[in-house]
Amino acid sequence: MSATKRYFIHTFGCQMNASDSMRMGEVLAQLKYVVAPTVEDADLIIVNTCSIREKAEDKMLSTLGRYRSIKVSRHAVIGVGGCVAQQEKSRLLQRAPFVDFVFGPDAIGKLPQILERVEKDRMRVVETAWMDSEHYLFPRADPETARGKVTEFVTVMKGCDNVCSFCVVPHTRGREVSRPLEEVLSEVRSLVAVGVREVTLIGQNVNSYRGGIPFAQLLRRVAETPGVERVRFTTSHPHDLSDELIEVFADQPRVAPHFHLPVQCGSDRVLARMRRDYTVEQYLERLGLLRQARPGIAVTTDIIVGFPGEDEEDFRGTLALSQAVRFESQFSFVFSPRPRTAAGLHEREWGTVPHEVKIERLERLQRLQREISAEIMRAQVGQEVEVLVEGPAKLDPSKSFGRTPENRSVSFDGDAPSGSRVLVKIHASSPNALRGSQKRVLQPVDRSCP
Ligand code: SF4
C-alpha cells in the first residue's frame with residue numbers, strides 16, 4: 001500500500017458515529033493512510049451514515065452525489081459505513097452505483113480486507129455481518145489525539161435490546177454488547193494521563209451496561225479514578241434509571257449533575273404504542289427521586305412529535321409534561337417512519353399525522369422549550385458558577401469557554417488555562433449559553449500530568 005494515500009471521513013449523526021469514525025481512522029493509519037486536508041484531496045472517501053431520521057438519510061445521499069465527481073477526477077474509492085449501510089446493505093450499491101463498498105459498524109476492523117478486495121480484485125464489497133459479543137472490538141480513544149483536550153468520550157457499550165417501535169437502532173447496531181470493565185477503566189486512566197479531566201461514557205443505551213458490574217457501579221469506579229474531575233454519560237432509557245444509579249448521584253459529586261433522559265412523549269397511550277415501557281407518572285416519579293437525590297440537577301430529553309395516532313390531546317400531554325419537568329433543553333423532532341420498525345409498518349393503520357399538523361405541533365413545543373430554557377438560564381445571571389475551562393471561545397477567541405457541571409456553556413473574560421476549574425460570575429444569558437467574567441481559580445491545571 002502506498003505511503004501517500006489519503007482518506008477523508010464524512011460523519012453524520014451521533015457521538016457513537018463520531019467514535020466509530022475515529023476507529024476507522026486508526027485502522028486506516030495502520031495501512032499508512034493519512035488524513036486528507038479536504039475531500040478533494042482524498043484517495044479514499046468514507047461516508048459514515050445515520051438513519052435515525054429520514055432527513056439524515058436524504059442528506060447522506062445528496063452528500064454522496066457530490067463526492068461522485070471526485071471519484072471521476074481522482075479515481076477515489078468511495079465507501080459507505082454506519083447505520084444506513086447496515087440497513088440498506090447491497091441495495092445501497094444499486095441506489096448509488098459509484099459506491100465501491102458498504103460496511104456496517106461491526107465491520108470496521110475488516111477495512112483492510114475490504115480495501116484489498118476493492119483495489120486489487122476490483123470488486124464491489126458488502127460487509128454487514130454482526131460480530132458476536134466476544135469478538136467485538138470497541139473503539140479505543142487514542143491518547144495522543146486526546147492530548148490537549150479537556151473532555152473526551154469513552155464508549156462503554158453498543159447496540160440496544162429494547163424494541164421501541166419507532167427506532168431503527170436495534171436493526172442497525174444490533175444487540176447490546178458491553179465493554180469489559182477493565183478496558184473502560186484503562187482507557188479512562190490513559191486519557192487522564194494526557195490531561196483529560198472530564199469523560200463522557202457513551203453507548204446507545206448506556207445505563208443498561210452489563211460489563212461485569214451494573215452501570216451505577218461503573219460510573220462510580222470511573223468517578224473514583226484519580227484525575228477525573230467530572231463524569232457524564234449518554235444516552236439512557238428511563239426504565240434503567242435504577243435506585244442504585246440515583247444513589248450515585250446523591251453521594252458522588254464527580255458525577256456531573258446532568259441527566260439526559262429521553263421521554264419521547266407525554267401521553268400514556270402514545271408511549272404504549274412506542275413500546276417505551278413506562279407511563280408519564282412512572283417517568284415523573286423516577287425523575288422526582290433523582291431530583292431529591294441531587295437538587296439542581298439539569299435534565300434534558302428527546303421528544304418525538306406526530307407519532308402515528310397522536311391527537312391534539314396526546315400532544316397537549318407532551319406540552320404539560322414539558323411544563324411540569326422544565327427540561328433544560330430538548331431534542332425534538334417530527335416522526336419519520338423508519339424501515340423495518342413497527343411504527344413504520346403500521347403508520348397508516350395507527351393514523352398518519354398530516355405533515356402540517358406535525359410541524360405546527362413541533363413549533364409550539366419548541367416555542368415553549370425556548371421560553372423554559374431562557375428562564376432557567378436567566379436565573380443564572382448574578383450567580384457565581386463553577387466552570388471547567390475547555391479553551392478559547394469559538395465565536396470570540398479573546399474570551400475563554402467552558403461548561404458548568406450542569407453542562408451549561410459559558411464564555412467569559414478570564415485567562416485561566418484549559419483544564420483549570422474557575423469560578424465565573426454570570427452577567428448575561430441566552431436560551432443556550434451564559435456569559436460572565438472569571439472571579440478566581442478554584443483549581444489550577446495539574447502540571448504533574450505529562
Ligand atoms: S432504547 Fe433507545 S436505542 Fe433502544 S430501541 Fe429505544 S430509542 Fe432505540
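**Exercise 1.** How many bridges join S7 to strand S10, and in which sense do the two strands run?

*Solution.* Start with the ground rules. This is a predicted model, in which local features need pLDDT of at least 70, side-chain atom pairs count only at pLDDT 80 or more, and totals for chains, interfaces and linings use all residues. Residues are numbered from 1 along each chain as its sequence is written, and side-chain values use heavy atoms, with hydrogens and water left out.

Strands are DSSP runs (E, at least two residues) and helices likewise (H or I, at least four), numbered from the N terminus. Two strands pair if DSSP finds at least two bridges between them. S7 and S10 (residues 198–202) are joined by five bridges and run parallel. One residue pair to find on screen: Thr155 has Ile202 in S10 as its bridge partner.

**Exercise 2.** Place S7 and S10 in their sheet: what is the strand order?

*Solution.* The order is S7-S10-S11, an open sheet of three strands with parallel pairing. Strands S7 (151–155) and S11 (230–234) are the edges, each pairing on one side only. From one strand to the next, the twist averages 25°. Axes here are lines fitted to C-alpha atoms, and angles run from 0 to 180 degrees between N-to-C directions.

**Exercise 3.** Trace the pairings of strand S1 (residues 6–11).

*Solution.* Take S2 (residues 34–35): two bridges join S1 to S2, and the strands run parallel. Tyr7 has Val35 as its partner in S2. Now take S3 (residues 44–49): five bridges pair S3 with S1, again in the parallel sense. His10 stands opposite Val47 in S3. Finally, add helix H1 (residues 15–30): S1, H1 and S2 form a right-handed β-α-β unit. Right-handed means that, with the strands pointing away from the viewer, the path from the first strand over the helix to the second runs clockwise.

**Exercise 4.** Which residues are around the ligand, and how do they divide by class?

*Solution.* List the residues with a heavy atom within 4 Å of the ligand. They are Cys160, Asn162, Cys164, Phe166, Cys167, Val169, Pro170, His237 and Arg276. Then sort them: six are nonpolar, two polar and one charged. Ala, Val, Leu, Ile, Met, Phe, Trp, Tyr, Cys and Pro count as nonpolar, Asp, Glu, Lys and Arg as charged, and the others, Gly among them, as polar.

Key:
Near = heavy atom within 4 Å.
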